[in-house]
Amino acid sequence: MKINASALLSACVLASLPFAAMAQTEPVIVEAESGTLGPSVTTGTLGDATYVTAAVNVTTGPTGASDPRVSSYQITFPAAGDYELYARMRVGPNGGDDDSWYFGNGFGVTNNWPLYNTSGGGFTDPTATVVTDGPAGTQVFKWVRLTAMPGRGGGLGPNAWAVPEGTLTQTFYWSTREDGMFMDKFAFGRAGSCYTVADLDAGTAATGTCP
């Protein structure tokens, strides 16, 4: 049987497209303990998670990058584009007194700090798509979505975390607030992609169903 080389090449290219597209949606995972931690920040372990938390409660907002509660991360992205922010966190037994933290309102921003202070919401089921609400409660590590999702309302921070061409390394800042909130990791997913808990846990391509 004669094989047409051009047809074979085309078939190979087409077969590879789904895998290439999937690879482009892999989230960038940032372990909370991996950055430059402020002197008023401490780490601990719970189960399989190494978390970051406040050494002391200070409920006023950060004063800037040098605030002792602020930690910074140099993140190198695989490609330019728009990203969306997720976090894996645990709210302590005091609920609304164990749930809050701040983050810089965009890469490199240290003078504008949105406050996350919701004890409810988030997702733990590996098959669940992580959107801007959720059934998870307290005293469990859960994934929450910070970036607003079109058509659903809610959200904190910029509509998209923009990574320009030629500047793939960006600085992300966040700050502790209450010592009952444990931060495990952050994830920056491709804008427009929807991630399950399992996707974010494993750092694999998005397989969630967008609402």
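# Exercises on a predicted fold

Asp 201 counts as partly exposed, with a relative accessibility of 40%. We will return to this residue below; please keep in mind throughout that the model is predicted.

## Exercise 1: The overall layout

Work out how many helices and strands the protein chain has, and in which pattern they follow one another.

*Solution.*
- Step 1: Count the elements. The protein chain contains 2 helices and 11 strands.
- Step 2: Put them in sequence order. The pattern reads α-β-β-β-β-β-β-β-β-β-β-β-α.
- Step 3: Look at burial and surface. Of the 211 residues, 46% are buried. The chain exposes about 9,800 Å², and 53% of that comes from carbon and sulfur atoms.
- Step 4: Check how far the contacts reach along the sequence. Taking contacts between residues at least 6 apart in sequence, 69% join residues at least 24 apart.

## Exercise 2: A four-stranded sheet

Find the order of the strands in the open sheet that contains S4, and say which strands stand at the edges.

*Solution.*
- Step 1: Trace the sheet. Its 4 strands run in the order S4-S10-S6-S7, with antiparallel pairing.
- Step 2: Identify the edges. S4 and S7 (115-116) each have a single partner strand, so one side of each lacks a neighbour in the sheet.
- Step 3: Examine the S7 end. S7 and S6 (residues 101-103) pair in the antiparallel sense over 2 bridges. Tyr 102 has Leu 115 in S7 as its bridge partner.
- Step 4: Examine the S4 end. S4 spans residues 70-76 and includes Ser 72. The C-alpha atoms of Ser 72 and Thr 36 are 5.2 Å apart, although 36 residues separate the two along the chain.
- Step 5: List the other contacts of Ser 72. Beyond its neighbours within four places in sequence, Ser 72 touches Gly 35, Thr 36, Thr 171, Phe 172 and Tyr 173.

## Exercise 3: The disulfide

Locate the disulfide, describe its geometry, and decide whether each of its cysteines is buried or partly exposed.

*Solution.*
- Step 1: Search the whole structure. There is 1 disulfide. Cys 194 and Cys 210 form it, with an S to S distance of 2.0 Å.
- Step 2: Read the handedness. The angle about the S-S bond is 115°, and the link of Cys 194 and Cys 210 is right-handed.
- Step 3: Place the two ends. Cys 194 sits in the loop between S11 (182-190) and H2 (197-202), while Cys 210 belongs to the segment after H2; the two are 16 residues apart, and the pair links distant parts of the chain.
- Step 4: Compare each value with the limit. Buried means under 20% relative accessible area. At 5%, Cys 194 is therefore buried. Cys 210, at 39%, is partly exposed.

## Exercise 4: Salt bridges

Side chains of opposite charge can pair when their charged atoms come close. Determine how many salt bridges a search of the whole structure finds, then follow some of them.

*Solution.*
- Step 1: Count. The search gives 7 salt bridges.
- Step 2: Take Lys 185 and Glu 31, whose closest N and O atoms are 3.5 Å apart. Lys 185 is in S11 and Glu 31 is in S1 (residues 28-31), so this pair ties together parts 154 residues apart in sequence. Lys 185 is buried at 12%, whereas Glu 31 is partly exposed at 29%.
- Step 3: Go back to Asp 201, which forms a salt bridge with Arg 88 at 3.8 Å, N to O. Here H2, holding Asp 201, is linked to S5 (residues 81-90), holding Arg 88; the two residues are 113 apart. Arg 88 is buried, with a value of 15%.
- Step 4: Turn to Arg 177 and Glu 178, with closest N and O atoms 3.7 Å apart. Arg 177 is buried at 15%, and Glu 178 is buried at 6%.
- Step 5: Look for shared partners. Arg 88, Asp 184 and Asp 201 are joined into one network by salt bridges.

## Exercise 5: The surroundings of Thr 129

Establish where Thr 129 lies and which residues it contacts.

*Solution.*
- Step 1: Place the residue. Thr 129 is in the loop between S7 and S8 (141-145), and its relative accessibility of 16% counts as buried.
- Step 2: List the contacts. Leaving aside neighbours within four places in sequence, Thr 129 contacts Phe 123, Cys 194, Tyr 195, Thr 196, Gly 208 and Thr 209.
- Step 3: Pick out a polar pair. A polar atom of the Thr 129 side chain lies 3.1 Å from the backbone nitrogen of Thr 209.
- Step 4: Connect this with Exercise 3. Cys 194, one of the contacts of Thr 129, is joined to Cys 210 by the disulfide.

How values were computed:
Residues are numbered from 1 along each chain as its sequence is written. This is a predicted model: local features need pLDDT of at least 70, side-chain atom pairs count only at pLDDT 80 or more; totals for chains, interfaces and linings use all residues. Side-chain values use heavy atoms; hydrogens and water are left out. Buried means under 20% relative accessible area, exposed over 50%, partly exposed in between (1.4 Å probe, protein chains only). Contact means heavy atoms within 4.5 Å. Accessible areas come from the Shrake-Rupley method with a 1.4 Å probe; for residues, only the protein chains shown count as cover. Two strands pair if DSSP finds at least two bridges between them. A disulfide is a pair of cysteine sulfur atoms within 2.5 Å. A salt bridge is a side-chain nitrogen of Lys or Arg within 4 Å of a carboxyl oxygen of Asp or Glu. A polar contact is a pair of N or O atoms within 3.5 Å; within protein, one must be able to donate a hydrogen and the other to accept it, and residues adjacent in sequence count only if both atoms are side-chain atoms.
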